[in-house]
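Reader: I'd like a close look at one part of this protein. Could you take me through a single helix and the packing and empty space around it?

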Amino acid sequence: MTAVSFASIDSVTFDIVWEPTVNNYRDLVVGGTSEYSLGPLVYKATAFEKAVLLSYAIATVATVLCLVFAFPLAYVMARLDDRAFKIVIYLVLLPFFTMYLVRAYSWRLMFGQSGVLNQVLGAVGIGPVAAFEFGVPAVIVGLTHAYFPYMLITLYASLDGLDFSLIEAARDLGASRVDVIRDHIIPLTLPGIVGGSLFVFVPSVGAFITPQILGQGKVQMIGILIEQRAIGEATNAATASAASMAVVFSIVVAMFLVFRYVDLDELGGV
């Protein structure tokens, strides 16, 4: 893929021409048509830049939602006895025994103007609601549901190694619940939080099936754009490879910065 990203494609035969060039990378950031105003400055973004920014924004929201929903559940699971833990983890993971594609199509039935959510709201005289149409909200819900177990299991592994006597001691000494969470639980489980966030954020950035099914052409994340460049109407494996390598490089840089502060062997828990 790296080699192809520096090659070119014959416009007639679509064969790879092995002549080194950086035009594929230049085309990703040059010649933007969508204008954005930043005060007195007007910035023209390319389709690639728009797709990357949208992908990172959606992945960030999905990661935050997974963290918000998974942390309390992981905390409760860490305090349960063995029998209760097995029951809870079975109920949580039961939907994930099915294929990822099946789960995505299940959410497709919920969204849309004639989806279950809008049908229910319409029956009570509220809907349809635009937020329950196909688009960014539907993609975020789908990604949050798809990668929730990765966050949950990682946080549980971190919280399971936590010495809860420290929490009880802090409460006995007058610390509030907010103080305990801020000053004790979060710092001690930070490696698990970082690890779970990576396991959700990275695959969410490059997601293809979820935005394809729940976006219905309204959400062009980077995975959709690469697919269009690779095998769609504008077939060009070289530009698709360049786009892929640019995204991979940005993720590697982000992970490198994370690993400067968190050791790899700490991501599974304290």
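Author: Here is a tour that starts at helix H3 and works outward.

Some ground rules: this is a predicted model, where local features need pLDDT of at least 70, side-chain atom pairs count only at pLDDT 80 or more, and totals for chains, interfaces and linings use all residues. Residues are numbered from 1 along each chain as its sequence is written, and side-chain values use heavy atoms, with hydrogens and water left out.

H3 covers residues 47-79, 33 residues in total. (Helices here are DSSP runs of H or I with at least four residues, numbered from the N terminus.) From first C-alpha to last, H3 reaches 48 Å, close to the 48 Å expected; that expected span is 1.5 Å times one less than the number of residues. There's still a kink of about 30° at Ala 70, shortly before Pro 72. The bend is the angle between axes fitted to the seven residues ending at a position and the seven starting there.

Now for the packing. Ile 58 is among the residues with the most contacts inside the largest nonpolar core, which has 40 residues. Such a core is a set of buried Ala, Val, Leu, Ile, Met, Phe, Trp, Tyr and Cys residues joined through side-chain atoms within 4.5 Å, with buried meaning under 20% relative accessible area (1.4 Å probe, protein chains only). H3 supplies at least two residues of this core, as do H4, H7, H8, H9, H10 and H11. The largest share, 12 residues, comes from H7. Leaving out residues up to four places away in sequence, Ile 58 touches Val 136, Val 139, Ile 140, Leu 143, Val 219 and Met 221; touching means heavy atoms within 4.5 Å. Apart from this core lies another, of 15 residues, including Ala 51, Ala 242, Val 247 and Ile 251.

As for empty space, the largest pocket holds about 220 Å³. A pocket is an open set of points on a 1 Å grid over the protein atoms alone, with protein on both sides within 12 Å along at least five of seven lines, and lining residues have an atom within 4 Å of a point. Its volume is the space filled by probe spheres set on the points, which are joined across faces, edges and corners. H3, H8 and H9 each give at least two residues to the lining. Among the lining residues are Phe 71, Pro 72, Tyr 75 and Arg 79, along with Glu 168, Arg 171 and Ile 185. Pro 72, then, is both the proline just after the kink and part of the pocket lining.

How values were computed
Buried means under 20% relative accessible area, exposed over 50%, partly exposed in between (1.4 Å probe, protein chains only). On a 1 Å grid over the protein atoms alone, a cavity is a set of points where a 1.4 Å probe fits but cannot get out, and a pocket is an open set with protein on both sides within 12 Å along at least five of seven lines; lining residues have an atom within 4 Å of a point.
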